[in-house]
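Got the sequence and the 3D view open? Let's take a quick tour, one topic at a time.

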Amino acid sequence: MKKFLLLFSLFTIHYSLIAQDLKYYLPDSVSYNPAIPKPKDVIYHEVGEWHVTHDRLVNYMKAVAAAAPERVKLETMGLTYESRPQVLLIITSPKNHQRLEEIRQQHVMLTDPAKSASVNIDDMPIVVWIGHSIHGNEPSGANASLVSAYYLSAAQGKQIDDLLDNVVILFDPSFNPDGLQRFSTWANQHKSKNLVSDPNSREFNEVWPGGRFNHYWFDLNRDWLPAVHVESQNRLKWFHQWKPNILTDHHEQGSNATFFFQPGVPSRVNPLTPDKNQELTAKLGKFHAAFLDRIGSLYFTKENYDDFYYGKGSTFPDVQGCIGILFEQASSRGHLQQTANGLLSFPFTIKNQFVTALSTLEGAKALRKEFLEYQRDFYKQAANRASSYPVKGYVFGDKNDKAKTFHFAEMLKRQQIEINYLPDSWKDGEYEKGSAYMVSLNQPQHSLIRAIFEKTLDYKDSLFYDITAWTMPLAFGLPYTELTASSANFGAKVESLSMAKGIIEGGKSEYAYLLEWDELYTPAALYEMLNAGMIVKVATNKFEMSVRGGNKNFDYGTILIPVKSQKENSETTAVVVSALAEKYRLKVYAVPSGNVNSGSDLGSSKFAVITKPNVAMITGSGVNPTDAGEIWHLLDQRMNIPAAHLEQTIFNRVELNKYNTLIMVGGNYNELNKDKLKTWVQSGGTLILTEEAVSWGAQNNISTVSFKKVKAPVDSTQKLTYVDREQIDGAQQVNGAIFGADADLTHPLAYGYNQKTISLFKANKVFMEKSKNPYATPFYYVNNPLQSGWVSKENKDAIKNSAAVIVNTVGNGRVINIADNPNFRAFWLGGSKLFMNAIFFGRIIDAASGRTED
C-alpha cells in the first residue's frame, strides 16, 4: 500500500509538471461541447508541453471562433511591425451577440455625461478586457489564453450561461505578437526531452535583446498613454470603441516569487486615481484570493508594484473610469526551473493565469452593477472636477515645428480628447492659428488630460516601480500655457487633423534653396539629399535676406542647397527639392541671389558643407535594449536613415572606415576593443555617447569628462533599523524625472531650438562636471532644473549646475557626451533635435570648442 501511495504521489507530481492534457487546468465539474476543438487539435501539442508560437495561437483562436460563432466573434485589430495579426475575440452569450452593437453603443454612453443618465444598467452586461503577455518572454499569460478560450467557448451549463449573459469579454490572447514569437522560438529550441531545471541552462537565458520587447526593442507596457507604436495604436482603437470596465494585464515576475495581484502599494497610487477605484480593486482581489486558495497557490498583494505611471496596461484604465488589474506570476522562463520555492513548471504558471482570468470574470459578474455605476459616476463627475480645478484648459503648439504640434494633437485625439482651434479673437503672439490648439478641461476625459499636462512635484512616497514624471508637452518640447480664466474662449472643435503641406516659396530657383532646421522631419529630408549625392551646407551664422513676400530672418542651422553646385541641372534639382518638401511637409525658400541684407552671404565660409552620416550603433549583449531601440526607431521610422547594428565582437573584427558616426547607449562594453574605438575617433569619427556610456567612455580614456560626487543620504555614524534600508536606498534611485537644461542656441548641437530651456529626461546617476572649456558645454543644468518628478535631495544637489552635454575633441574626431536620454520611449520628441544635430553636425563643431584644457 505504501509503495502504491508513493507511486501515485510521484505520478501526481510528474503530471503537474508536464500536464499532458487539459484536465490539469480545467474545472472538473463542467461538461464541454465536443464540437469545439481542443488546443492540441490545432497547435499539435498539449498546453504547456511546448511554448505556443504566435501563428499557432492565432490559428487556435480562429478555430474556436469558427466552431462557436454563437459565442465567439474574431476581429483583427491590426498588424504588428512584423505583420503579425493582433486578434481580439469578443466572447459573450448568443443573445448578446445578436445585439452586440446595441450593447456597445449603450455601454459607451456611460462615458458621456450628457447621455449616461438615460442608460438603464439593470440588465446591461459588464465589459471585461482580458489581456495577455505584453512582455513576450512572460509567456504563461498567452499560453493560458488557449485554456481560457477553450473554456469560454466549450463549457456547458448554467454557470457559464449566466457568466456570458452578464459579461462581454474582449479577449486579447497576445498583446505583443512579435515578442512572443521570438521568445517561444528560443524556449522551444532549447527544450530537452528530459526537462532540465538548472537556472544556468541556456533555455532560461535568452540572447539579446530577448523576447520581452516588440520589433524595435520597446517595452509595450509603457506605451499605453503615448501610443507611439502600431501595436498600441491598434489596441487603443478597440479600447475606446468599447470602454471596458475591467482590464487585466497578465505578466510574470522573478522565478523565486509566487503570484501577485492588485491592489499595489497604497502610497504609490497616482492621486488622479479615485479612491473608489482602489476599493473596487480590493473587492475584486477577494475573488482572486478565493480562487487561488482553492488550488493551493501562494500569492501576495499590496507590495512591490504600484499604480502611478498611466502608460502601463494596469494603470492606464484607472484614469478612465475603468479598473486595471495587474497579475504577476513567478516565471518558469522555460519549461521547468528550480527555484527557492521548489520546481516551478510551465504548466503551473499557466494554471495560475487561467484561474485568475476566471476569478476576474466571476468577480465582474458578481459586482457587475457596482462597476457600471462607478464608470458612469466617474465621467458624470468630470464636470465637478473641472469646476473645482483652478486650471481650465491649455493652449499648446510650436509655430516653428508644425510636425511636432501635429503629433501631440494626434496623440490627444487618439485618446478621445477633444481639442479646439484658436478663436478668431486670439491675440497671444507665441501661438499662431494653424500651428496651435486648445484643450478644455471641462470634458469627459478631464482626468486623462491632467495626467498628460500636469507637472508633479509632491509625492507621498519616494519609491517607484517606474518613472515619476512624464509631462507630455515638456517631452514633446512644445510651448504650452495653462488657461486659468473661467471665461477662457475656445475656438471651433477640431474634427480631424492633417499635417501642413510642404511647399517651395518662390517656385523654381536657378541659384539656391533655403530650408529652416526647426521642423521635426527636416533631418529626414537632409539625409535623402545627401544620400542622393547633393551638395548641402548649413549656416553657422544668422542672416537676413529677401524672399518672396519680403525680408526674412534665417537662424543658425538653416540648410542651403546651392543649385549650380549640384551634379544635376536646375530642373532636376527643383523636382527633388519639391518632392522632399511635399514628402516631409516642409517649407522651402527659393532665392535668386546669394546677397543678404545682413549677416553672412550664401557664399561665406560660415556655411559649412555637411557630410553624409554613415551610422553604426553598438548593440548586443550588455547594451540596454530599450535605449538602443529608441534610436533605431527614431532613425528608421521617423528619419528614414539606415544604421548598422554592430555586436561588440563584430566591431572588434570589421573595418570601421565605412562609418563616420558611432552611437553607444547605456550598457556594459567590456568586450569592446577600446584602443580600436579611440583610434577611430582620433581619425575623425564622431562618437555619440548617452547615459551610462558617458561614464564608460571617461573611465576608458575615450573622453575627458569628469563627474560630480553624490553625497551619502545618511551619516555613517547614524544608527538605523534594518527595515529602513529599502526606503533609504530606494529613494536614491533616479527612476526618471524631467529637468530643464539651458542651451547655447548658437552651438551646432542646439540648431533648430527656439527656446532657451530644453526639457530632458533623466533616469540615471550620470552627473557631469561642466567642462573647463567655456564652449564645450552647450547644454547645462542651472541651480534649480527640476521641472517635474521626484528626485532625492542628494541627487538633486548633484544635478544642479552640472553639464547635460559636453563635446570633447579627440584628435581629429569628436566625442559628444549626452548625460541623459534624449529619445526616451520615442515620445521625447523634444530631444530628437539634439540627437540629430549630433549625427549631422558633430563634424562641424570647431576643434577648439571641444578641446579640454589641461
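Here is a short briefing on confidence, two sheets, one buried arginine and some ring contacts.

Keep in mind that this is a predicted model. The mean pLDDT of the chain is 94, and 96% of its residues reach 70 or more. The start of the chain is another story: over residues 1-15 the pLDDT is below 50, and beyond near neighbours in sequence this stretch has four contacts in the model.

**The six-stranded sheet**

- One open sheet has six strands in the order E15-E21-E16-E20-E17-E23, and its pairing is mixed.
- Strands E15 (503-505) and E23 (607-609) sit at the edges with a single partner strand each, so one side of each has no neighbour in the sheet.
- Going from one strand to the next, the twist averages 30°.
- E15 and E21 (residues 587-591) run parallel and are joined by three bridges; in one pairing, isoleucine 503 has lysine 587 in E21 as its bridge partner.
- Helix H18 (residues 570-583) packs on this sheet, where it touches E15, E16 (512-515), E20 (559-562) and E21. The direction of H18 makes about 120° with that of E15.

**The nine-stranded sheet**

- Another open sheet, also with mixed pairing, lines up nine strands as E25-E24-E26-E27-E32-E31-E30-E28-E29.
- Its edge strands are E25 (643-647) and E29 (757-762), each of which pairs on one side only.
- Here the twist averages 25° from one strand to the next.
- Five bridges hook E24 (residues 615-619) up with E25, and the two run parallel. Look for threonine 619, whose bridge partner in E25 is glutamate 647.
- Helix H22 (residues 692-699) lies across E26 (661-664), E27 (686-690) and E32 (813-818), and runs at about 125° to E27.

**A buried arginine**

- Arginine 450 has its place in helix H15 (residues 446-453).
- Is arginine 450 buried or exposed? Its relative accessibility is 16%, so arginine 450 counts as buried, since the cut-off for buried is under 20%.
- Setting aside neighbours within four places in sequence, arginine 450 is in contact with Leu272, Tyr389 and Leu441.

**Rings and charges**

- The count of aromatic pairs comes to 50.
- One aromatic cluster is made up of Tyr394, Phe396, Phe408, Tyr421, Tyr437, Phe453, Phe476 and Tyr480.
- Lysine 191 has its charged end over the ring of tryptophan 50, 4.0 Å from the ring's centre.
- Arginine 235 has its charged end over the ring of tryptophan 224, 4.5 Å from that ring's centre.

Key: Residues numbered from 1 in each chain as written. Predicted model: local features only at pLDDT ≥ 70, side-chain atom pairs only at ≥ 80, totals over all residues. Heavy atoms only, no water. Helix = DSSP H or I, 4+ residues; strand = E, 2+ residues; numbered from the N terminus. Buried < 20%, exposed > 50% of the residue type's maximum accessible area, 1.4 Å probe, protein only. Contact = heavy atoms within 4.5 Å. pLDDT = per-residue confidence, 0-100. Pairing = 2+ DSSP bridges. Axes fitted to C-alpha atoms, helices over the stretch in contact; angles between N-to-C directions. Phe/Tyr/Trp six-rings, centres within 6.5 Å; stacked < 30°, edge-to-face > 60°. Lys NZ or Arg CZ within 6 Å of the ring centre and 35° of its normal.
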